[in-house]
Amino acid sequence: MAYWLMKSEPDVYSIDDLARDGTTCWDGVRNFQARNHMKTMKVGDEVLYYHSRQTPPAVVGRARVVREAYPDHTQFDASSKYHDPRASADAPRWFMVDIEFVEKFERPVPLPELKTVPALADMVLLNNARLSVQPVRPEEWRAVLDRAR
DNA sequence: GCCAACGTTGGC
DNA sequence: GCCAACGTTGGC
């Protein structure tokens, strides 16, 4: 089983939205690296849910992969801001997974705190600020969870 | 709201 | 295939 971190802007889709919905499809990813990470996800993989663009940004909960990569429908929708004219049903360019809500942390772990943890020094989040879907090492996952409780 | 960092596009 | 220009992300 693998571990991941997925970012969302809370005013677009927050952990509370996910808790309410139960499951959601992770549409709108338009970055090749992030897409490729989603293509390698397996059912049961663990996800850290991160809120970006809030003060401070923080890991706020957990989710789990419940459906593996399939074409992101918004790429075919001309009225969507995620529409991609280069994509076709035969040759989709963008994929998404479904995730389900697992837990909202009583104690979110803010970014400034993550930066102080030696075990997290190599975490992708702290070294490639732009990537919205990223792998997490098992020991990093453990270290984050330890601080959320 | 600013702006640095970085990914993508497209001209050559 | 290089790289400048451009657009977007996301911390502050």
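This section describes a six-stranded sheet of the protein and the residues around DNA strands B and C in a predicted model.

The six strands form an open sheet in the order β2-β5-β4-β3-β1-β6, and their pairing is mixed. Its edges are formed by β2, residues 23-25, and β6, residues 133-136, each of which pairs on one side only. Between neighbouring strands of this sheet the average turn is 35°, with direction ignored.

At the β2 edge, three bridges link β2 to strand β5, which spans residues 95-110, in the antiparallel sense. Within this pairing, C25 stands opposite D98 of β5. Strand β5 is also joined to β4, residues 58-71, by 10 bridges, and these two strands run antiparallel. In that pair, R64 has E100 of β5 as its bridge partner.

At the β6 edge, strand β1, residues 3-8, runs antiparallel to β6 and is joined to it by four bridges. Here W4 faces P135 of β6. Strand β6 also contains Q134, a residue with a relative accessible area of 0%. Q134 is therefore classed as buried, as this value falls under the 20% cut-off. The side chain of Q134 comes to 2.7 Å from the backbone nitrogen of L125. Leaving aside residues up to four places away in sequence, Q134 touches W4, L5, K7, H37, V124, L125 and N128. Two of these residues also belong to the DNA surroundings: N128 is among the residues around strand B, and K7 is among those around strand C.

The surroundings of DNA strand B consist of N31, F32, R53, R86, N128 and R130. By residue class, this surface divides into one nonpolar, two polar and three charged residues. Sugar or phosphate accounts for 56% of the atoms of DNA strand B within 4 Å of the protein, and bases account for the rest. Contacts to phosphate oxygens of this strand include one from a polar backbone atom of F32, at 3.2 Å, and one from an N or O atom in the side chain of R86, at 2.8 Å. A base is also contacted: an N or O atom in the side chain of R130 lies 2.4 Å from a base oxygen of DNA strand B.

Around DNA strand C are K7, Y50, S52, R53, P57, L111, K115, A129 and R130. The surface near this strand comprises four nonpolar residues, one polar residue and four charged residues. Of the atoms of DNA strand C within 4 Å of the protein, 62% are sugar or phosphate atoms and the remainder are base atoms. Phosphate oxygens of strand C are approached by polar side-chain atoms of two lysines, K7 at 3.0 Å and K115 at 2.8 Å. A backbone N or O atom of R130 also lies 3.0 Å from a phosphate oxygen of this strand.

Both R53 and R130 appear in the surroundings of strand B and in those of strand C. In the case of R130, the side chain contributes the contact to a base oxygen of strand B, whereas a backbone atom contributes the contact to a phosphate oxygen of strand C. K7, whose side chain contacts a phosphate oxygen of strand C, is also one of the residues touched by the buried Q134 of strand β6.

Technical notes:
Residues are numbered from 1 along each chain as its sequence is written. Chains are lettered from A and ligands numbered from 1 in the order in which they are written. This is a predicted model: local features need pLDDT of at least 70, side-chain atom pairs count only at pLDDT 80 or more; totals for chains, interfaces and linings use all residues. Side-chain values use heavy atoms; hydrogens and water are left out. A residue is near a molecule or strand if one of its heavy atoms lies within 4 Å of it. A polar contact is a pair of N or O atoms within 3.5 Å; within protein, one must be able to donate a hydrogen and the other to accept it, and residues adjacent in sequence count only if both atoms are side-chain atoms. Ala, Val, Leu, Ile, Met, Phe, Trp, Tyr, Cys and Pro count as nonpolar, Asp, Glu, Lys and Arg as charged, and the others, Gly among them, as polar. Two strands pair if DSSP finds at least two bridges between them. Axes are lines fitted to C-alpha atoms, for helices over the stretch in contact, and angles run from 0 to 180 degrees between N-to-C directions. Buried means under 20% relative accessible area, exposed over 50%, partly exposed in between (1.4 Å probe, protein chains only). Contact means heavy atoms within 4.5 Å.
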